[in-house]
Every structure is written in structure tokens, then in C-alpha cells.
Amino acid sequence: KAVLICIFTMQEKQYTKVATYEAQEGTFDKVLLLYSGGLDTSVMLKWIQEKYNAEVYALCVNIGQREDFGPIVEKALKLGAKKCEVVDVTSRFAAEQCNEAMLFNADYEDGYHLFCPLGRIAISKVAVEYAYKWGINVICHGATGKGNDQIRFDSYITTLNPGLKILAPVREWSMGREEEIAYAEKHGIPVTASLNKIYSYDENLWGCSAEGGDIEDFKKIPKLDEILKFTTLPEFAPDTPEYVELVFFGGMLMFIQTQKETMSGKMADMIQVANRVGAKHGLGITHLIEDRVLGLKVRGIYEEPGAELLIKAHKALEKAVSTREEIQFKELVDKQWSQLVYEGRYFHPLVDSLKSFAISLNKKVEGTVVMKLYKGRTEAVSVSSPYSLNSEAAS
């Protein structure tokens, strides 16, 4: 697969496309735009029509983000989109990517449960499916030239369908945030972004991230009370601990019971229960100094309360039924899987081999775990399983 290289000349800020999968001007008249309704993709919708004289088909992929998609669709159509469709694949995302994240105790660089890279897998699959459905061979995404998502989208889309081409306007244009806002005002594009709104958010069922502003300055203490979207600060969490019961079979979550809710069956619903109780008690807040694929070192604030609860519960049960040698090797497998997913290499052949081992080991990950939640921390306080290696249980 061609390696993407960005070439800029300092005076013209010219971007030269050198990767074979990048869409070239004059070779297409329709584009599928992965559309969120935010500043970047709203500007893109108009910009593609002007720059490439192409029809834009907007696709909104719902993987559990809390959005009102009605106004987003309406805006896309007003901006000239030939079509704008919302596809809800939250259940599929939960059953496939989130479930697999539990199986591998997803953790990148000590605390990041990979909500964003997992979401990119799901979005890419849907994008490829709809490109075929709509008869389009160019997919446009809003990832920047310095982040990980450009690598994930470029790689996944062209792996799933090598005949597709990629359009990435943020790599092409010389607009910064100020210029984008000015472009939006000039073309009558309604956006909520402003120079005063310094934080950038991304969200799905498995978690949420915030970047920008004081978060990016390692010397500054982020203002969590202004940053967090739905997780309670641990110091403001309930003063009484809560106990949550979870049941697993074959490493998969089957049942969750909190003080207020009981849920079984549908993975997405059980994750939502975990999110609510985890957020209430301040779980899964991470100040992550993160090494990106391109070599940049950045910081982000992550909220993954449900993921934190579920992964720690699964890991406790897995440990109770596995030998020391199995646990040590599984930790290596988990780390390798997390690294591959983070780097946008989910479809690497090695992932299938790692899955085979994880699934085999998890056949005995069956039983009940009781987790204690208190002031931003959760731990397993009770573990029972027919496959427990505890000598008293086996006697």
C-alpha cells in the first residue's frame, strides 16, 4: 500500500498528492462525505462543490454519540448535499468492536481504552458499504494531516475496497480554524464553533475525548470541571460506594446489575448501563500523554467510564481462571492488539491470530464479578467461576 507523504512549499502552502489512493481532480463527479455537522465537515461540504465541481452525498454514522441528527441532516441539504443519510450502527459497534475491546482488555499507554480507533473501524465499514450502495468511488473524511485518523480512514477504506479513492480536504487547504470560521461566514454556513470554544470533542458509545486549549500544554492543569461532558469529577461523586454485579460467558458480557438498573442481552444497552453508573462514580477519566502514529506527543482528556468498569471486571475474571503463564502471555497479546488497533492496522493478518488465542483462552472466562465503585476507582471485590483456580473453590 502506498505510503502517504505530505509535501508543502512554504510560500504557496501547496499540497501535492503522491499516494495512489488519493482522488485526483477531474477524475470524479461524486463524493461520499463522512459528515458530522461540525465546522470542518460543514466547510468541506461547500468547499468540495466549489473546488471539485462534484456532487456531495453526506453520510452520518451513529455509533452511540449523543447527537440530534435532525438538524445535522437539514443543514447538509441546505448546503447543497444531494443526499444526507443517518445510519445507526450502535448495536453492531457494541457487539463487534466494544465486545472485542473487552476480550483484549483494551489499553493503550496506560489508561486509554481506544474508543476513537475502535469507532474508526466501524465508520470505515459503513462508508465502504454506502459507497457501493450509492455508486461512488471517492470517500472524503475530515481528518487532519497531523493526527491518527487520516491513517486509520485511509488504510481501512482502501483495504476493504482497494478500488476506492480518498479525499482529505484538511490536508489540501491552507485554512486554520480562523480561516474556516471566516469561510463559513462568507458562504452562510451555520456553525456553532468560535474562537472562544477552544476544546474539540469526539464521542461514541465507548467513550469521549477532549483536545485543544490548556489540555495541549503539559505544564497546565486542565480545567476538568469545564472539559468533562458527562463524567462526574471523583471528588463530587457519591460518598457511598456502589457494588455492581456482572456476569460473563466465554469472555462476553451477559448481564449487569447496578443499584438502579438491571440489563441483559443487548450489548449496547449493557454498555450504556455501565456508562451511566461509571460516570456517576467518576470512573475512566484519563489525562493521557499520547504517542501518535506520526511521532507527535500530545495530551488529551478521555472519559471512558463504562469501558473502565467492564474491562477491569473482565480482566479480574480472566485472571481468576487462568494460570500464571497464560496471564503473562495474554498481557503481551493484549498489548499487541491494542497497538495494532491504535495504529490503524486492525485488518493486519496478525490480528486474526491474536483473536484466535484470545477466544480460546476466554472459553473458560465464565462467572460472576462484583465490582466496587467509589470516587473514581473501581476494583473487583468478588469473583466466582466454575473454572476458578482458587484451591478452596476447587475442593
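This report describes strand pairing, salt bridges, cysteines, one helix and two loop residues in a predicted model.

## Strands 8, 13 and 14

Strand 13 covers residues 367–374 and pairs with strand 8, residues 242–249. The two strands run in the antiparallel sense, and 7 bridges join them. Strand 13 also pairs with strand 14, residues 377–384, again in the antiparallel sense and over 7 bridges.

Which residues stand opposite Val370 of strand 13? In strand 8, Glu245 takes that place. In strand 14, the bridge partner of Val370 is Ser382. Strand 13 and strand 14 form a hairpin, with 2 residues between them. Lys375 lies in this turn and has a positive phi of about 50 degrees. As a general point, the side chains of a regular strand alternate between the two faces of the sheet.

## Salt bridges

Side chains of opposite charge can pair when their charged atoms come close. In this model the count of salt bridges comes to 26.

One of them joins the side chains of Arg171 and Glu22, with 3.3 Å from N to O. Arg171 belongs to helix 6 (residues 169–172), while Glu22 is in the segment before strand 1 (30–34), so the salt bridge ties together parts that are 149 residues apart in sequence. Are these two residues buried or exposed? Arg171 is buried, with a relative accessible area of 2%. Glu22 is buried as well, at 4% relative accessibility.

Another salt bridge is formed by Glu85 and Lys133, at 3.8 Å from N to O. This pair links distant parts of the chain: Glu85 is in strand 3 (residues 83–88) and Lys133 is in helix 4 (residues 115–134), 48 residues apart. Glu85 is partly exposed, with a relative accessible area of 22%. Lys133 has 51% relative accessibility and counts as exposed.

Glu326 and Lys364 also form a salt bridge, and their closest N and O atoms are 2.8 Å apart. Glu326 is in helix 11 (residues 324–342), and Lys364 is in the loop between helix 12 (349–361) and strand 13, so parts that are 38 residues apart in sequence are tied together. Glu326 is partly exposed, at 24% relative accessibility. Elsewhere, Arg120, Asp149, Arg152 and Asp202 are joined into one network by salt bridges that share partners.

## Cysteines

A disulfide is a covalent bond between the sulfur atoms of two cysteines. How many disulfides does a search of the whole structure find? The search finds 0.

The distances between sulfur atoms show why two of the cysteines are unpaired. For Cys60, the closest cysteine sulfur is that of Cys84, 3.9 Å away, which is too far for a bond. The cut-off for a disulfide is 2.5 Å. For Cys140, the closest cysteine sulfur belongs to Cys60 and is 13 Å away, also too far for a bond. Cys60 is buried, at 0% relative accessibility. Cys140 is buried too, with a relative accessible area of 0%.

## Helix 2

Helix 2 spans residues 69–78, and its buried residues are Phe69, Ile72, Val73, Lys75 and Ala76. These residues cover an arc of only 160 degrees around the axis, so they are on the same side of helix 2. They pack against helix 1 (39–52), strand 2 (55–62) and strand 3.

Two features mark the ends of this helix. At the start of helix 2, a side-chain oxygen of Asp68 comes to within 3.2 Å of the backbone nitrogen of Gly70. Just after helix 2, Gly80 has a positive phi of about 105 degrees.

## Two buried loop residues

Asn148 is in the loop between strand 4 (138–140) and helix 5 (149–160). Asn148 is buried, with a relative accessible area of 6%. Apart from neighbours within four places in sequence, Asn148 is in contact with Glu290, Arg292, Val293 and Tyr342.

Gly212 is in the loop between strand 7 (207–211) and helix 8 (224–227). With a relative accessible area of 9%, Gly212 is buried. Leaving aside neighbours within four places in sequence, Gly212 is in contact with Ile198 and Tyr199. Gly212 and Val298 are 86 residues apart in sequence, and their C-alpha atoms are 9.8 Å apart in space.

Conventions:
Residues numbered from 1 in each chain as written. Predicted model: local features only at pLDDT ≥ 70, side-chain atom pairs only at ≥ 80, totals over all residues. Heavy atoms only, no water. Pairing = 2+ DSSP bridges. Helix = DSSP H or I, 4+ residues; strand = E, 2+ residues; numbered from the N terminus. Salt bridge = Lys/Arg side-chain N within 4 Å of Asp/Glu carboxyl O. Buried < 20%, exposed > 50% of the residue type's maximum accessible area, 1.4 Å probe, protein only. Arc of directions from axis to C-beta. Contact = heavy atoms within 4.5 Å. Polar contact = N/O pair within 3.5 Å; in protein donor to acceptor, adjacent residues only side chain to side chain.
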